[in-house]
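Reader: Hello! I have just opened this structure and would like a friendly walk through it. Could you guide me with some questions and answers?

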Amino acid sequence: MNVSVPNRTEPFPREEGWRDVLVIGGGASGVLFAANLLRQDTDLRVTVIEGRHLLGCGIAYSTTDSDHLLNTRVHNMSAFPDDGEHFLRWLRGREDGTRYGPESFVGRATYGAYLSCLLAPWTGSGRLVCLKANCVAISERGTGVKVTLDDGAVLKGAYAVLATGHVLPKPDPSGLVSGAWEAAAPPPPGEAVMIIGTGLSMVDQVLSLERAGHRGPIVAISRRGLLPRSHGHGKPMRIDRSDIPLGAPLSRMLAWLRGLVGEAEDQGATWRDALDGIRPWVSTIWQNMSVDQRGRFLRHAASWWEVHRHRIPPASADRLAEATAAGRLRVLRAAFLRAERGEDGGIRAVIRPRGARLEEVIPVGRIIDCRGIRNDPERNASPIIAGILAEGAGRVDPLRIGLDVTDEGQLIGTKGEVSERLFALGPVSRATFWEITAIPDIRVQAGRMAGFIAAKESAGRESADRA
Ligand SMILES: Cc1cc2nc3c(=O)[nH]c(=O)nc-3n(C[C@H](O)[C@H](O)[C@H](O)COP(=O)(O)OP(=O)(O)OC[C@H]3O[C@@H](n4cnc5c(N)ncnc54)[C@H](O)[C@@H]3O)c2cc1C
């Protein structure tokens, strides 16, 4: 592959057989992008390539447990930023539609069904192809991109969009620790279960265990023992860019945030309204932080931010409180060190409680890793990401939390060159935007990227026609 640096803006010839935009990954991000592009006034064609899940579902919406609720209200989960009621209308069109309103927290499986049929209007239009396959390699040529599938087939296009989603933890080689998203039979009802992590995935596991009638003790551990906060009712505070101390040291930023919360409470509002008020500015705040400041935020404030920003529905919070009050769930501040097989063949979880010098061994029937998605896209790279990094067509950010992209989502190569054909959206682009893992943010990114590529395409054609 020759990455001609930097001027790859010359018009490219339209060759027959090119599939215009190849979307790698058919989870929520891939489908949101495809729908936002197909809505555009362009005759670009889209091929969505999905390796594992139902279209649109990915990890988050493949759950079948009806207790797994969206952690965002209906009015904020429409696929289209400019049509806030699109999801609500779709819900109202269902048999049980009357039970939902804009403030509802709907089951994630229901949202998966919504995303799975989001592209339906374009099936048979000649502009959309959906393929069940894994992409194992991608290469860029001056006039387009080439994607290789796991069966050796090669697709060509003018652009490719990486919507490969979350970096999943590799399965535990010892087999003693189960993954949060691995299909597994529920543990025997009386057995002790240890959950590593106390975030959103832990909530999922506890709700599923409760639903399965689990009666054994559940211990959830994390260094700080922080639990996701519950949603409440309120109204986001109005915050202007000029109010924000952009680029200020982390301590100053956190002091400003505390001040904002105080101001909200003085006005009879809550900390939620303050946090929801800065939500539209999170990427701007992140982009104005130095790498050192971002690193300090990740080390000292990110887990606090996560549990206050990514809240759970009150119904889930009540279930968690009930299990805790009944003594079925215990949250411990501790570090998970390792899992061992005991002489009796049972599993032993070895932990170090916070502040303790000695290790503690807890016999359990099951250990579930709910530490969530992994950082470092290189250490946990899929073949396609590993190939991009090896070729220098993409690079990992200094804090190793994602691939470097421009505001438009264009991949940035090792020499700092900006790709004209390779794009990335959703969690894989977290390094540039930080807050790009939830639908309300991903749909905006998808809409913007679709508009950018459509405009780029028509500009390319105009200059080709003029040439
Ligand atoms: C458990 C959980 C619950 C969540 N709940 C919410 C919520 O309630 N509200 C909210 O706004 N956000 C929620 N999120 C955040 C979530 O990140 C986004 O909502 C969204 O699902 C991200 O979608 P994605 O497509 O980027 O990633 P993923 O869901 O990871 O999908 C990526 C897809 O790409 C496919 N893929 C990857 N590599 C390849 C390849 N090489 N070839 C072919 N296919 C490939 C995978 O098979 C997968 O289907 C949740 C996340 C998780 C993990």
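Author: Gladly, and one definition comes first: helices (H or I, at least four residues) and strands (E, at least two) are DSSP runs, numbered from the N terminus. With those names, Arg-400 can be placed in the loop between helix H11 (383-391) and strand S14 (410-412). Please keep in mind that this is a predicted model.

Reader: What is the phi of Arg-400, and is Arg-400 buried, partly exposed or exposed?

Author: Arg-400 is a residue other than glycine, yet its phi is positive, near 55 degrees. Its relative accessibility is 32%, which lies between the cut-offs of 20% and 50%. Arg-400 therefore counts as partly exposed.

Reader: Where is Trp-434, and is Trp-434 buried or exposed?

Author: Trp-434 sits in the loop between helix H12 (430-433) and H13. Trp-434 is not a glycine either, and its phi is positive at about 60 degrees. Because its relative accessibility is 7%, under the 20% cut-off, Trp-434 counts as buried.

Reader: Let us turn to charged pairs. How many salt bridges does the structure hold?

Author: A pair counts here when a side-chain nitrogen of Lys or Arg is within 4 Å of a carboxyl oxygen of Asp or Glu. Asp-204 and Arg-108 pass that test at 2.8 Å, N to O. The number of salt bridges in the structure is 27.

Reader: How many residues apart are Asp-204 and Arg-108, and is each of them buried or exposed?

Author: Asp-204 belongs to helix H4 (residues 200-211) and Arg-108 to helix H3 (residues 108-116), so this pair links distant parts of the chain, 96 residues apart. Asp-204 has 12% relative accessibility, and Arg-108 has 13%. Since both values fall under the 20% cut-off, Asp-204 and Arg-108 both count as buried.

Reader: Which residue forms a salt bridge with Arg-311?

Author: The partner is in helix H6 (residues 271-278), whereas Arg-311 is in the loop between helix H9 (302-309) and helix H10 (314-325), 35 residues apart. Arg-311 is buried, with a relative accessible area of 3%, while its partner is partly exposed at 28% relative accessibility. The closest N and O atoms are 2.7 Å apart, and the partner is Asp-276.

Reader: How many residues apart are Arg-279 and Asp-441?

Author: The side chains of Arg-279 and Asp-441 meet in a salt bridge at 2.9 Å, N to O. Arg-279 lies in the loop between H6 and helix H7 (282-287), and Asp-441 lies in helix H13 (residues 439-466). Both Arg-279 and Asp-441 are buried. Along the chain they are 162 residues apart.

Reader: Now for helix packing. At what angle do the axes of H1 and H13 cross, and which word describes how H1 lies to H13?

Author: The axes of helix H1 (residues 28-38) and H13 come within 8 Å of each other and cross at roughly 45 degrees. That angle is neither under 35 degrees nor in the range from 65 to 115, so H1 is oblique to H13.

Reader: Which class has 11 residues in the contact of H1 with H13?

Author: H1 brings residues including Leu-32, Phe-33 and Leu-37, and H13 brings residues including Ile-442, Met-449 and Ile-453. The contact also has three polar residues and one charged residue. The class with 11 residues is nonpolar.

Reader: How many of the residues of H1 are buried?

Author: H1 is mostly covered. Among its buried residues are Gly-30, Val-31 and Ala-34. The count of buried residues in H1 is 11 of 11.

Reader: And H4 with H10: is their crossing left-handed or right-handed?

Author: H4 and H10 pack at about 65 degrees, with their axes 10 Å apart, and are therefore roughly perpendicular to each other. Their contact includes Val-206 and Leu-207 of H4 and Leu-320 of H10, and its residues divide into five nonpolar, one polar and three charged. The crossing is left-handed.

Reader: Last one: how far apart in space are Ile-351 and Val-396?

Author: Ile-351 is found in strand S11 (residues 347-353) and is buried, with a relative accessible area of 0%. Beyond its neighbours within four places in sequence, Ile-351 is in contact with residues including Met-194, Ile-221 and Phe-336. Val-396 is 45 residues from Ile-351 in sequence, and the distance in space, C-alpha to C-alpha, is 32 Å.

Technical notes: Residues are numbered from 1 along each chain as its sequence is written. This is a predicted model: local features need pLDDT of at least 70, side-chain atom pairs count only at pLDDT 80 or more; totals for chains, interfaces and linings use all residues. Side-chain values use heavy atoms; hydrogens and water are left out. Buried means under 20% relative accessible area, exposed over 50%, partly exposed in between (1.4 Å probe, protein chains only). Axes are lines fitted to C-alpha atoms, for helices over the stretch in contact, and angles run from 0 to 180 degrees between N-to-C directions. Angles under 35 degrees count as roughly parallel, over 145 as roughly antiparallel, 65 to 115 as roughly perpendicular and the rest as oblique. Contact means heavy atoms within 4.5 Å. Ala, Val, Leu, Ile, Met, Phe, Trp, Tyr, Cys and Pro count as nonpolar, Asp, Glu, Lys and Arg as charged, and the others, Gly among them, as polar. A crossing is left-handed if the near helix is turned anticlockwise from the far one by less than a right angle, and right-handed if clockwise.
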